[in-house]
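Reader: Please present the structure below, with its contacts and salt bridges, in a form that I can check against the coordinates.

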Amino acid sequence: MSEKVRVRIAPSPSGNLHIGTARTALFNYLFAKKTGGEYVLRIEDTDLERSNEEYKQNIFDSLKALGLNWDEGPDVGGNYGPYKQSERFDIYPKFAQMLIDKGYAYECFCSNEDLDKEHEIAASKKIPYKYSRKCLNLTKEQKDELKAKGIVPSIRFKVEAKELVFNDIVKGELKFDTNLIGDFAIMKSNGTPTYNFAVVVDDMLMKITHVIRGEDHISNTPKQILIYEALGAEIPKFAHLGMILAPDRSKLSKRHGATAVSDFIKQGYLTEALLNFVALLGWSPSDGVEIKNVDEIAADFRLDEISSSNSIFEYEKLNWMNGQYIKKMDISKLTDLALPFLKDYDLNKYSREQLEKIIEVTREPITLLSDLVYDTRYFFEKPVYDEVCELLKTNLSKKVLDKFLSDVDGYDFKNEQDVHDKLAEFRAYFKEKFGFKPKETMWALRAALTGRTKGADMVSIILLLEKDEVIERLKSAKAI
RNA sequence: GCCCCCAUCGUCUAGAGGCCUAGGACAACACCCUUUCACGGUGUAGACAGCGAUUCGAAUUCGCUUGGGGGUACCA
């Protein structure tokens, strides 16, 4: 048990990186970090039909964006490659043949139609389906005859009846009656391995010590253990994680909105927040502090403390957390992330420094980077007065705008403190003379300058807009 | 149908027989702060699925029921 921990994340490139897969990757990563182990990425593309290059790239990009970088994998290499199953197709038949030679597996010549029929019969009799073993005792002559006819066999694992028990790190002791499992295929007739076989061969060859994955794989585990035993390989430790469910408690799928990490990023979620949030689904910090970066989580992480139940993916807390990260993030880094969302605006109107300032003063109330599109609009475009029309028509507003217009020459637009103080005097003046509440005075000004009743603080807006623009907007507002 | 997993506030969770009149976070509500919205602060409301058993004592152990999830492929 002193051997080095080796874990893997093994996605199938038949879709973009799912948020659930990202969580599984995270837990593998955290466990590797915590134990000083190695974390490998293996692409499971044995199903050529469903796999494609675009999805593979999305998986790479998403994992990298999350910062879950792998020690070994298809692109970085390693001592146990190749790390794409489609490049390992010459490996599996050898082990399958070995299993046949040792009597653990046999060739099966049944056609899909034969198999479908067996399923139908079982269904009509209402008994659980199990392969009939029709091909188990074929003689050499019979097999040769079938092969001469051009029928290429698949290879099935011969399942012996016994009670199989293993200890799952998160679920505890799990028991199975292998008598309920039929002889399952390990090699398809097209020469490629089935999932259960490829996983075991690869995990064995790649010296994986801990298999951390979703609990949808629990029922595969006894089959895989049987293969390990037949291969004479050491059986890794297993840890099965609860699933992430949608709010309606069904499997999280496209109809619930975003499911891929790349979708969340497009919506304006920060990868740090995503990772932090997803870590809290099943794991909880020992000190109760929930906002933590990956390194802090890794230091505190324990696989055997993971909750064994499913959890529901609700947006409220993710949104809150995303907002927290946005508020705390380094402003330059945040600006880099925010600018792509604002690409439809004329960003050249402002210097980089001013752009950072715009982000800085509008970041406070937002939960998503995409919220910035609306919240910063008045910095880039003339205000639209539809919403504040009534407000601007009031007597109060007229007075406020008139006075500000006549005062504005006295404002020092290069001096934040000066604008701040003058604005305070401005409010005081209206309060004393007309009894306007400070916030009413500011509403009028805000409405005129931005077309809104809420937004960034007025000092920053005035400074950023600069004198000419302020005067122009005041005049158009007065004309309403 | 059969096999397996799971079950604490609406949600994420703390809790490993007495520390629990069940703690925290998000969301909700109220108040405070304030140049708006917010942020922040302070409070309020809110849960051990049900039934049995073990025990002096159970959210914590066991059984059953119910509910939810997963699997049942030459898909991964």
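The exchange that follows treats the RNA surface, one acidic residue and several salt bridges.

Reader: Which conventions apply to the numbering and to the atoms?
Author: Residues are numbered from 1 along each chain as its sequence is written, and chains are lettered from A and ligands numbered from 1 in the order in which they are written. This is a predicted model, in which local features need pLDDT of at least 70, side-chain atom pairs count only at pLDDT 80 or more, and totals for chains, interfaces and linings use all residues, while side-chain values use heavy atoms and leave out hydrogens and water.

Reader: Which residues come nearest to RNA strand B?
Author: A residue is near a strand if one of its heavy atoms lies within 4 Å of it. By that criterion 63 residues surround RNA strand B, and sugar and phosphate make up 75% of the atoms of RNA strand B that come within 4 Å of the protein. The residues that come nearest are Thr46, Cys110, Lys171, Lys188 and Gly455.

Reader: How many charged residues does the surface near RNA strand B have?
Author: The classes are nonpolar (Ala, Val, Leu, Ile, Met, Phe, Trp, Tyr, Cys and Pro), charged (Asp, Glu, Lys and Arg) and polar (the others, Gly among them). The surface near RNA strand B has 21 nonpolar and 19 polar residues, and its charged residues number 23.

Reader: Which residue has a side-chain N or O atom 3.2 Å from a sugar or linking oxygen of RNA strand B?
Author: A polar contact is a pair of N or O atoms within 3.5 Å; within protein, one must be able to donate a hydrogen and the other to accept it, and residues adjacent in sequence count only if both atoms are side-chain atoms. Glu44 places a polar backbone atom 3.3 Å from a sugar or linking oxygen of RNA strand B, and the side chain of Gln324 has an N or O atom 3.3 Å from a phosphate oxygen. The residue at 3.2 Å is Trp443.

Reader: What is the nearest side chain of opposite charge to Asp168?
Author: Asp168 lies in strand 5 (residues 163-168), where helices (H or I, at least four residues) and strands (E, at least two) are DSSP runs numbered from the N terminus. Asp168 is buried (under 20% relative accessible area, with exposed over 50% and partly exposed in between; 1.4 Å probe, protein chains only). Its side chain has a polar atom 3.0 Å from the backbone nitrogen of Val170. Asp168 has no salt bridge (a side-chain nitrogen of Lys or Arg within 4 Å of a carboxyl oxygen of Asp or Glu), and with Lys and Arg counted as positive, Asp and Glu as negative, and His and the chain ends not counted, the nearest opposite charge, 6.9 Å away, is Lys171.

Reader: Arg6 forms a salt bridge with which residue?
Author: The structure holds 36 salt bridges. In this one, the closest N and O atoms are 2.7 Å apart, and the partners are 66 residues apart. Arg6 is buried at 4% relative accessible area, and the partner, buried at 8%, is Glu72.

Reader: What is the relative accessible area of Asp336?
Author: Asp336 forms a salt bridge with Arg352, with closest N and O atoms 3.0 Å apart. Asp336 lies in helix 12 and Arg352 in helix 13, so the pair ties together parts 16 residues apart in sequence. Arg352 is partly exposed at 34%; Asp336 is also partly exposed, with a relative accessible area of 44%.
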